[in-house]
Structure formats: C-alpha cells, structure tokens
Amino acid sequence: MELFLYTALFSPLVGSLFAALFGASPRTKIAGIVPSILLGVSLISSSVLLVLVLTTGHTLHVEMMTWMATGNLYIPFGFVVDQVSVTMMMVVTLVSTVVHVYAIGYMDHDKGFNRFFSYLSAFVFSMMVLVMSDNFAGLFIGWEGVGLCSWLLIGFWYQKESATWAANEAFIMNRIADLGMLIGIFLVYWNTGTLQYDGAFAAFANMDTDTLTWIGIFLFIGAMGKSAQFPLHTWLADAMEGPTPVSALIHAATMVTAGVYLVVRSNELYSLIPHVGLFIASLGAFVAIFAASMALVNRDIKRVIAYSTLSQLGYMFVAAGLGAYWVALFHLMAHAFFKALLFLGAGNVMHAMDSELDPFKMGGLGKKMKGTMIMMTLASVALAGIYPLAGFFSKDLILEVGFVENHYIIYTVLLFTAGLTAFYSFRIVALIFHGEERYKLFGFHPHEAYKFMLVAMSPLLILAVIAGSFKMTYFEMVTYVLPATEYHVHNHTIYWIMTIGTQLFVILSIFYAYKKYMSRDIKVPDGTSAMENSFKYKLLINQYYIPYFYEEYLVKPYRELSTLFWTKVDQKIVDASVDGIANIFYQTGENTRAMQSGNLSTMLKWMVAGTVALLSLAVVFGLAARYSEEIKLFLSGLGV
Amino acid sequence: MEIGLNHYLVLSTILFSIGLVGVMRRKNLLMLFFATEILLNSVNISFAAISHYYGDLTGQMFAFFVIAIAASEVAVGLGLLIVWHKKHNNIDLDNMSTMRG
C-alpha cells in the first residue's frame, strides 16, 4: 500500500520536472499531456487509498527518511494517510486532474504553455506534501511550497505590471501570516518537544490553557493568511490576475482551504481552547458577510467568484471554530467541486469574450455557449445551497451547527449571507448568459470552448450535483479521527421551518437576481446612475476602502521609512564605513607604491630599515617580558 | 683585563653595523658583496663566541654552514657580476633597474 502512497505523492513532482524539461522550448502538447496523465495516476492511487481507508478503517503511516536529527530534535519526512488526509488527497488530485486537462485547452495559445504545467504540477506536489505530512515541519514545507507556486502562477503573465504586483502582494501577505504560523510551530516544539502530530496532540492534554491559547492563536494567524481571512484578505481578489485554471485550482479549491485543513488537523488543540474557536467562528461569520457584500457590486466575474470563495471560507471557519470539524471538511470538499467548476466556466466565458471580464458587456451568451451555461448555472445552484445539490448538504449543515450551538448571531449572519450568495451568483449568471446580447455592441464574437474542456469539467459537475449523497458515508469515515458530533435540530417543527425557510429565502434571492439583471434595460454602467453614486455602492466597489487604507497608511509610510533608512542609515553609516575601510587599504597602497622604485640601492635601504624595525621590536618585547613585574608595579603605582 | 664574551659581541656588533652601512651606502656591486661578507662574518664571530661560552658545539657548526653558504653565494654572485659587466660595462647599482614595477 505504501507504493500507492508514494505514487500519489510523487507523480505530480515527476510531471512537474518533465514539463520543466521543456521550459525553454516552444509550446509542445506533450508538456501538458504527460503531467495530466501523471496526475491521473496520482488520482487513481489516492482513490485506492480512499477505498482502503473506507473499507478497512486502516490508516497508513510511513517514514520515508530522516530529515533532521540533532540532539532532541527529530523530524522525519513522514507521511500519513488517514481519514482526513485521504479526503484532502482526493479533493486535490481530482480537481487538479480536471484543471490540468482543462488547461491544455485553455492555455492552448499561450507562449508559456510548458512553463505553466511545470508550475501547476509543482503546486499539486506541494499541496500533497502539505496534506499528507505527519508533522508540523512537513506541513510547513508544503505550506511554503504552495505559496511559492501561487506566486509563480499569479505572476504567470509577468509582462503585466498588475500581475506581478498581485503576485508580490499575495506572497508578502502570506509571509506576514507565515511568521505567526512559524511562531506557533516553535511554541509547539518548545512546549511538547516534538512536531509529530500525534506526539504533540497527546502532550497538549496536560498543558495549561494559556500556552495552548497562544499556540492556537499563532497557528490560526498562519491559517488566516493562506485562507485570506480578514484583515489579510485583499490578496485573494487581486490574485485573479493569474490564468483562470490557476484561480480554479489554487485560489478556490485547494490552497486557500489549507488554513481550514490546518484547523481541522489541529482539532485536538482547538477542542481544548473553545474561546479561540469562538473567535475563529466569529471572524469566519464576519468574513462570510463582508466578502459577500463586496461580491454584490463587483464588475469582474472572476473577482465576484473570488469574493464568493472568501465568503465560503468564512463558512468553513465558522464550522471549524464551533468544533464541527467534519462539517468544515465536508463543506471544503463540496465547495472545491462547485467553485472550481464555476471558475472553469468563467474561464470559458473569458475565452469566448477575448479576456473581457465585465459581465455588463456580455449578456445573452447562453445561446452560443449552452454547455458552459448549464454548468455554471448548476454550480451556482449548488453554491446557493438548493436541495438536492452539494451546497445544500454542506452549507445548510453549517447553519444548523450555528443554531444548535446556540450562536444565534452567527446563525443570522450566515443565513443572511446565504441570501446574498444566491443573489450575487445569479447576478453574474443572469448578466452573462441571459438578457440582451450586449456583447454585439463591443464587437465580440463569442464561441463555445473546446469539447474536451467541457468533458474535463463534467466530473466536477457530477460531483457538485451528487456530493451531498456521500454525507453519511463520509461522516462515518472521518469521525474515526474527528469528533463525531451530530448536529440535529431536535424539534422537528423548527427543523422544517428552518430548512424550508432557508430554501425559500435563497430561491427568492435567485428570482430577484434574475428579475433585476435579465431585463432589457440593463446597460453598461458608465458612472452616471444614482445607484453608482450612492455611498453604499462606492463603499462596496472600493472594497470598503481597505486596499486604499493599506496603500495610504501602511505601504506609503513604510516606503518613506525605508527611503529614510536607505539614505540616512544605509548610505551614510553602513556604506560609508564599509567604503571607508576599503579606502584605507587603497590609499595605503597608493601612497606606498613609491617604495617599489626598482632601484636596488633604495630597496636595500628599505630592507635594512625593516630589519632594524623588527629587531627593535624584538628587543622592546623581550625587555617588556623580562620586566613585566616591574611594569605592572609601576602601572599600579600610577593608579591604572 | 681578560677578553670575555662581551668583547666578542661588541666586535660583532661593530662589524655588523659597518656591514649594514656598507649595504646601504655602496653603489658598487662588488663593494656590496664585501659588505655582505662583513655582515655574515660578524654573525660568525658571535656564533663562535657564544658557542665557546656555553661549551656547546652547535654554534660553531652553524658558523661553518654560514661560511659554506657565503662562499657559494659569492661564487654565484661573482659569476652574475661578470656577465653583467660584460653586457653593460659597469657594475653600478643605480643602473640596475630592470625590476622597476
């Protein structure tokens, strides 16, 4: 069985290295096909492991080799396949296989085709390391690896200034959070003496709450960065500068959920500190509504979906924070399917519209792109949480968790957000696929994507529809590792009122969105309408002025401070002293060059001078050594 | 007054100083060789004297080594000097500046 584990882990790496061989050569199909096949292999291996874990309940734990062993520190390259990591492995390999195949079509005309697949497979490898590692150090390697690949892929079109800026923003924001994460890991090692999950978690049970709280907070700061929680959220929307398959894989399905995975993985820690859990849940609920509100008005389809991702991550953190770890993981899985599908659909639309992202310039695309329309509509239905699609089972469960745990404020916020989610999802669906064919005004000639791209997307579509039916199997599987709390509203009347009420609310939101955005009067906003000049709209379209705030009050002062240090400290002190030392030697050489006149007689004189100097020194030191006692006496007499 | 170690050492020092002045002042290469010989032999005197003083033969042995080396040095030096003289028709130190950097 270890063979399957290693295959699942390393075949993406092989794929990445294979594609890298073609990095400098012109576009070759094989650089995309081979990594996709290798990912398929990885997917099959993961499925075998899933079946093994599911049917026998056995988990795999291997130690490939020792990484660090000094003194008491022992960190191996250890990998574990248990119920939680196998779920993540399935999600990662499945979505990435789909995205790889899709990207063969999507990146068809791009010059960096080979490079793209090399990065994308490297990302999958890092993600696999992240989810399969059996210790915090291995998790951190994967964590940094996905961060690096994310940077490479957001800035994939490096000739665009905005793309490189977004890549750097994402990287720097994550660095800030990773510092917190690193401190958390250090604290774990400091207090427990090990970084292995099982060892560390076993030691947590006997530790005082204060230490655990700090560990929990610092690890969560790391999770906040990767999962783009407030106030480190701005990078996620800007990360949409990357190619769309990247957004689907990294910034919707896998990497951004690493934070949720970390909290779920550390459930034994967070169960001991429910007050931190409550903070996580509150922040999650806040982010859910905060991001959803920004998605309401945005005029960039990818950004709308990105805010939606942010909002759904908030949901996951609510579940994880309230101790419903299996619910969080379930929503993570279901969300990965429909959100990746939504992004890939958006990719098709972008392709059709020559990279135009403003949905107001589209309209009526449904006639030309039937397949994409069906997929995106179903994905949106799943996202909105309509029975019987995936979102209903996972998202409504989170609402129930909030209700059962008696956090009614969180429940209300999430319920309201569910309405917003439905509204903004169908706002873009209506604007893109229905209504007047506004694209004609702008001279676009949309066409449906390649057939094989749609076929590649279909597994996601199927899963987005049926993922909910796995709920019980999934529950029985993961609760070997995670706390098996079932969340049921015991009063049947309240349960039905809640469920039906939520459904009705969501459906009404959908109809309202359709009604509002399918009408014939929709025009491309030009900044003149009353709505666009209202304060609310301005607040939302400018993302609550948070990027502006960061730019004005953090980036600019920092830049000024840096300039100050550069001109005053670096140039005047550091550089000056280093240059000064070098100059002394240079000047000495310059001045003593005259000695080397080449005249033998002068040289002899110098030689004699040197001999005399050395002899005198020898005599002086000899005397000093001889009379050291007397000298000391004399000096002490002087009071030194 | 008996002649002791100090007298030899003073003689050696005086000879060494004469030799040093010779090395510094002389412009004639032949004279320079003489000055070098004086330097070496001043050292030989002190070697022999100190060796006798301590009753240890090592110092006198060293003196012989120095004499042997001085002889070979002069042999090589004089050979070079003759070649130089044939070529340039003088043996003035100030003219030997081919090593100027």
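In the predicted model, helix α18 of chain A, which covers residues 408-433, has 26 residues and reaches 37 Å from its first C-alpha to its last, close to the 38 Å expected at 1.5 Å a residue. This helix is mostly covered, since 19 of its 26 residues are buried. Beyond the end of α18(A) comes A:Gly435, a residue whose phi is positive, near 80 degrees. On the other side, the loop between α17 and α18 of chain A holds A:Asn406, and here phi is near 65 degrees, a positive value in a residue other than glycine. A:Asn406 is exposed, because the number of other C-beta atoms within 10 Å is 8, and a residue counts as exposed when that number is 12 or fewer.

Helix α17 of chain A, residues 390-404, contains A:Phe393. This phenylalanine has 22 C-beta neighbours inside 10 Å and therefore counts as buried, the cut-off for burial being 20 or more. When neighbours within four places in sequence are left aside, the contacts of A:Phe393 are with A:Ala334, A:Gly468 and A:Lys471. From A:Met1, A:Phe393 is separated by 392 residues in sequence and by 32 Å in space, taken from C-alpha to C-alpha.

Two cis peptide bonds and a further positive phi may be described together with the loops in which they lie. Most residues other than glycine have a negative phi, and most peptide bonds are trans. The loop between α16 (370-384) and α17 of chain A includes A:Pro388, which is joined to A:Tyr387 by a cis peptide bond with omega about 0 degrees. A cis peptide bond also joins A:Phe230 to A:Pro231, with omega about 5 degrees, and A:Pro231 is found in the loop between α8 (209-226) and α9 (234-238) of chain A. In the loop between α15 (325-352) and α16 of chain A lies A:Ser355, a residue other than glycine whose phi is positive, near 65 degrees. A:Ser355 counts as exposed because it has 8 C-beta neighbours inside 10 Å.

Towards the start of the chain, helix α1 of chain A, residues 2-21, packs with α2(A) at an angle of about 170 degrees, and the axes of these helices are 8 Å apart. The two helices are therefore roughly antiparallel to each other, as angles over 145 degrees are classed in this way. The residues of the contact of α1(A) with α2(A) divide into 15 nonpolar, 7 polar and no charged. On the α1(A) side the residues that meet α2(A) include A:Phe4, A:Leu5, A:Val14 and A:Phe18, while those on the α2(A) side include A:Val34, A:Leu38, A:Leu39 and A:Val48. Polar members of the contact are also found, among them A:Thr7 and A:Ser11 in α1(A) and A:Ser42 and A:Ser45 in α2(A).

The loop between α2 (30-56) and β1 of chain A holds A:Thr59. This threonine is partly exposed, because 17 other C-beta atoms lie within 10 Å. A:Thr59 and A:Gln83 are 24 residues apart in sequence, yet the distance between them in space is 7.4 Å, C-alpha to C-alpha. Apart from neighbours within four places in sequence, A:Thr59 is in contact with A:Val53, A:Val80, A:Val81 and A:Asp82.

Strand β1 of chain A, residues 60-70, is hardly covered, and the count of buried residues among its 11 residues is 0. It runs antiparallel to strand β2 of chain A, residues 73-81, and 9 bridges join the two strands. Within this pairing, A:Thr66 stands opposite A:Pro76 in β2(A). The hairpin that the strands form has 2 residues between them, and A:Gly71 takes a positive phi near 55 degrees there.

Taken as a whole, chain A has 26 helices and 2 strands. Its C-alpha trace spans about 105 × 65 × 50 Å along the principal axes, and buried residues make up 48% of its 640 residues. Among the contacts in chain A with a separation of 6 or more, 81% are accounted for by residues 24 or more positions apart. Chain A also touches chain B, in a contact that takes 9 residues from chain A and 11 residues from chain B. On the side of chain A that touches chain B, the residues divide into 3 nonpolar, 5 polar and 1 charged.

Technical notes. Residues are numbered from 1 along each chain as its sequence is written. Chains are lettered from A and ligands numbered from 1 in the order in which they are written. This is a predicted model: local features need pLDDT of at least 70, side-chain atom pairs count only at pLDDT 80 or more; totals for chains, interfaces and linings use all residues. Helices (H or I, at least four residues) and strands (E, at least two) are DSSP runs, numbered from the N terminus. Two strands pair if DSSP finds at least two bridges between them. Two residues are in contact if their C-beta atoms, placed from the backbone, lie within 7 Å. The expected span of a helix is 1.5 Å times one less than its number of residues. Axes are lines fitted to C-alpha atoms, for helices over the stretch in contact, and angles run from 0 to 180 degrees between N-to-C directions. Angles under 35 degrees count as roughly parallel, over 145 as roughly antiparallel, 65 to 115 as roughly perpendicular and the rest as oblique.
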